[in-house]
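Good morning, everyone, and thank you for making room for me. I would like to walk slowly through one model today, so please have it open in front of you as I talk.

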Amino acid sequence: MGRNNLTRPSEFILLGLSSRSEHQKPLFAVFLPIYLITVVGNLLIILAIHSDTHLQTPMYFFLGILSFVDICYVTVIIPKMLVNFLSETKAISYGECLTQMYFFLAFGNIDSFLLAAMAIDRYVAICNPLHYSTIMNHRCCVLLLILSFCIPYLHSLLHIILTNQLIFCASNVIHHFFCDDQSVLKLSCSSHFVKEITVMTEGLAVIMTPFSCIIISYLRILTTVLKIPSAAWKHKAFSTCGSHLTVVTLFYGSISYVYFQPLSNYTVKDRIATIIYTILTPMLNPFIYSLRNKDMKQGLTKLMHRVKCH
């Protein structure tokens, strides 16, 4: 579409990870298995938790929801990316772009709040074990779940409303593999001062609130565990947190690299970093939680045994 004088383009062009035609089919061959592994892996986690009574605890309740959200998260991005790998136009309509952006922001932030809920659960389990069942009751879990969904959905809606008010009169080519908020913002020729301020204030608050909960929870866990005289109990306490900490590090590390910098510095390196938290982290989650968690291993083994018996 070149550089037309537009207030709102009818479509955007997603350049993807590479604009070279010879790269498209190899990229398709890489990301299709990644998508299938992500969906199947997270689905197995959900089924294992649902079918095993020993996994009917708050921690695994949140893990099951996290797995479901991760399936939704990658489904917002990868199917369209796969279609574009095999398409010559690589176009996405304006409405479809905003819809993708909305659900990308929503599911990404739901992930963040669920990780915070899981950190709170670990804090209560380790620091207040005698009151665990009283504090982390059904009502508390439902309340944390509602907050984990409502805040991100409202946050995403605000950003979509602000994006929809922008004027686009530059190129309609998005230098990314999906409609990322930052990439679309770069195409606007109207003032996006309000949008950028919102990203750096309200957006930062939405990201930092769950992250702060995680940091505070683990600081309290650390001080409690260091007071335990038994080395075996220390190891057990830390092992229950290892999987969660690994996922938190992958998720927040890549997000910080991409978003906590000026818009003008947004480059191709950020696209690569984006792959980590949008695609690789959801794919690795089932492996991280199953390989480093004895209860989850047993739950998956029981599930596989039931499948074979039927």
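Which residues does the UniProt annotation "transmembrane region" cover? Before I answer, please keep in mind that this is a predicted model. The annotation, which comes from an unreviewed UniProt entry, covers residues 27-49, 61-82, 102-120, 141-162, 204-226, 238-260 and 272-291. If we look at how the model draws two of these stretches, residues 27-49 are 100% helix and 0% strand, with the end C-alpha atoms 33 Å apart. Residues 141-162 are likewise 100% helix and 0% strand, and there the end C-alpha atoms lie 32 Å apart.

Let me turn to the nonpolar core. The largest nonpolar core holds 83 residues, and the members that touch the most other members are Phe 12, Phe 31, Leu 63 and Met 296. Helix H3, which runs over residues 94-127, gives the most to this core, with 19 residues. To make this concrete, take Met 296: once we leave aside its neighbours within four places in sequence, Met 296 is in contact with Ile 45, Ala 48, Ile 49, Leu 55, Tyr 60, Leu 63, Tyr 289 and Ser 290.

Staying with helix H3, I would like you to find Asn 109, which is part of that helix. Is Asn 109 buried or exposed? Its relative accessible area is 7%, and because buried means under 20%, Asn 109 counts as buried. If we do not count residues up to four places away in sequence, Asn 109 touches Pro 152, His 155, Val 206 and Ile 207.

For contrast, here is a residue in helix H8, which covers residues 231-259: Ala 232. Ala 232 has a relative accessibility of 56%, and since exposed means over 50%, Ala 232 counts as exposed. The C-alpha atoms of Ala 232 and Glu 22 are separated by 55 Å, and these two residues are 210 residues apart along the chain.

A loop residue can be buried too, as Leu 187 shows: Leu 187 sits in the loop between helix H6 (181-185) and helix H7 (193-226), and at 9% relative accessibility Leu 187 counts as buried. Its C-alpha atom and that of Ile 65 are separated by 35 Å, with the two positions 122 residues apart along the chain.

Now to the empty space. Rolling a probe the size of a water molecule over the atoms shows where empty space is left.

What is the volume of the largest pocket? The answer is about 690 Å³. This pocket is lined by 23 residues, and those nearest its centre are Met 59, Arg 122, Lys 236, Thr 240 and Asp 295. H2, H3, H8 and helix H10 (294-309) each supply at least two residues of that lining, and the largest share, 7 residues, comes from H8. Sorted by class, the lining of the largest pocket has 12 nonpolar, 6 polar and 5 charged residues.

The second largest pocket has a volume of about 290 Å³. Its lining is made up of 17 residues, and the closest to its centre are Ile 49, Gln 56, Thr 57, Tyr 60 and Phe 61. Helix H1 (21-51), H2 and helix H5 (138-164) each supply at least two of the lining residues, while H2 gives the most, with 6 residues. By class, the lining of this second largest pocket divides into 11 nonpolar, 6 polar and no charged residues.

Finally, the cavities. How many cavities of 30 Å³ or more are found in the whole structure? The search finds 2 of them, and the second largest encloses about 50 Å³ of space. Among the residues that line this second largest cavity are Leu 14, Gln 24, Met 81, Phe 85, Lys 90 and Phe 177. Helix H2, residues 58-85, gives the largest share of that lining, 3 residues, and by class the lining has 5 nonpolar, 4 polar and 1 charged residues.

I will end with one member of that lining, Lys 90. Lys 90 lies in the loop between H2 and strand S2 (91-93), and at 11% relative accessibility Lys 90 counts as buried. Lys 90 also has a positive phi of about 55°, although it is not a glycine.

Key:
Residues are numbered from 1 along each chain as its sequence is written. This is a predicted model: local features need pLDDT of at least 70, side-chain atom pairs count only at pLDDT 80 or more; totals for chains, interfaces and linings use all residues. Side-chain values use heavy atoms; hydrogens and water are left out. A nonpolar core is a set of buried Ala, Val, Leu, Ile, Met, Phe, Trp, Tyr and Cys residues joined through side-chain atoms within 4.5 Å. Buried means under 20% relative accessible area, exposed over 50%, partly exposed in between (1.4 Å probe, protein chains only). Helices (H or I, at least four residues) and strands (E, at least two) are DSSP runs, numbered from the N terminus. Contact means heavy atoms within 4.5 Å. On a 1 Å grid over the protein atoms alone, a cavity is a set of points where a 1.4 Å probe fits but cannot get out, and a pocket is an open set with protein on both sides within 12 Å along at least five of seven lines; lining residues have an atom within 4 Å of a point. Grid points are joined across faces, edges and corners, and a volume is the space filled by probe spheres set on the points. Ala, Val, Leu, Ile, Met, Phe, Trp, Tyr, Cys and Pro count as nonpolar, Asp, Glu, Lys and Arg as charged, and the others, Gly among them, as polar. UniProt positions are given in the numbering used here, feature names are shortened, and annotations may be inferred rather than shown by experiment.
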